[in-house]
Amino acid sequence: MAYQITYRSLAKKDIRPEDIDEILRISKKKNSLRGITGCLVFNQGYFIQILEGSEKYVREVYTTIKLDPRHSLVEILSEGEIEERLFDKWEMAYVNLSGGIETEKEQAIATSVAEIDAHSGKFRHTTKVFWYNVYSLFQEKGFYRS
Ligand SMILES: Cc1cc2nc3c(=O)[nH]c(=O)nc-3n(C[C@H](O)[C@H](O)[C@H](O)COP(=O)(O)O)c2cc1C
């Protein structure tokens with residue numbers, strides 16, 4: 001059994017691509033030491049991130065992330081035990097949807113972001129669908145970076 005936390009946060013207003021590169025660089029390094037995997041999505045100024053791993057480390061890293069001044073309004077959308085990891089091959093996968101919606105999969109993700117907003121993230125099912133859509137975007141595009 002692994003544990004997952006999905007949260008959403010508001011990126012600081014003047015966040016730059018270099019800031020996100022730096023976040024990813026540190027995340028991959030620290031996550032690999034703790035056996036944490038996951039995915040970070042950047043969309044319309046918001047981050048949505050899933051952290052997967054042992055409950056102890058997932059909670060620990062979430063506590064650190066929550067205090068990070070590069071974002072605010074950090075809010076858990078879902079958390080709990082999972083049968084298996086979705087992003088088991090990524091120390092921290094990254095999707096930037098702010099570049100525009102081109103494929104059906106990207107549209108599906110944008111739609112599930114809207115659903116998360118509508119339900120204010122209270123339904124675990126919605127975040128699950130969201131991550132499956134993101135995951136299948138990876139399958140389609142290979143390693144996705146922008
Ligand atoms: C949106 C966002 C996502 C982050 N994701 C991770 C992550 O997955 N793993 C991680 O170790 N740090 C992540 N960080 C960075 C942490 O907040 C923190 O800066 C980093 O872990 C270094 O912490 P330390 O100086 O206490 O070692 C993230 C930060 C932000 C703003």
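This passage describes a strand pairing, the surroundings of a ligand and two individual residues in a predicted model.

Strand β3, which spans residues 46–53, is mostly covered, seven of its eight residues being buried. On one side of the description stands strand β1 (residues 2–11), which pairs with β3 in the antiparallel sense over eight bridges; within this pairing, R8 has I48 of β3 as its bridge partner. Strand β2 (residues 37–43) also runs antiparallel to β3, to which it is joined by seven bridges, and here the bridge partner of C39 in β3 is I50. The two strands β2 and β3 form a hairpin with two residues between them, and in the turn Q44 has a positive phi of about 50 degrees.

Y46 lies in strand β3, and with a relative accessible area of 36% this residue is partly exposed, because that value falls between the limits of 20% for buried and 50% for exposed residues. When its neighbours within four places in sequence are left aside, Y46 is in contact with R8, S9, L10, A11 and V41. Between Y46 and V74, which are 28 residues apart along the chain, the C-alpha atoms are separated by 9.9 Å.

The ligand is surrounded by 16 residues, of which S27, K30, N31, Q49 and D68 are the closest. At least two residues of this shell are supplied by each of α1 (17–34), β3 and α2 (55–66), and α1 gives the most, with five residues. By character, the residues of the shell divide into eight nonpolar, five polar and three charged. Several side chains approach polar atoms of the ligand: a polar side-chain atom of S27 lies 3.3 Å from a nitrogen atom of the ligand, whereas an N or O atom in the side chain of Q49 is 3.1 Å from a ligand nitrogen atom. For R70, a polar side-chain atom lies 3.1 Å from an oxygen atom of the ligand. Taken alone, the ligand exposes 620 Å², and the protein buries 78% of that area.

A further residue, E106, is found in helix α3, which comprises residues 104–118. E106 has a relative accessible area of 2% and is therefore classed as buried, the limit for that term being under 20%. With respect to I36, E106 is 70 residues away in sequence, and the C-alpha atoms of the two residues are 25 Å apart in space.

Conventions:
Residues numbered from 1 in each chain as written. Predicted model: local features only at pLDDT ≥ 70, side-chain atom pairs only at ≥ 80, totals over all residues. Heavy atoms only, no water. Helix = DSSP H or I, 4+ residues; strand = E, 2+ residues; numbered from the N terminus. Buried < 20%, exposed > 50% of the residue type's maximum accessible area, 1.4 Å probe, protein only. Pairing = 2+ DSSP bridges. Contact = heavy atoms within 4.5 Å. Near = heavy atom within 4 Å. Polar contact = N/O pair within 3.5 Å; in protein donor to acceptor, adjacent residues only side chain to side chain. Areas by Shrake-Rupley, 256 points an atom, 1.4 Å probe, with all protein chains shown as cover. Nonpolar A, V, L, I, M, F, W, Y, C, P; charged D, E, K, R; others polar.
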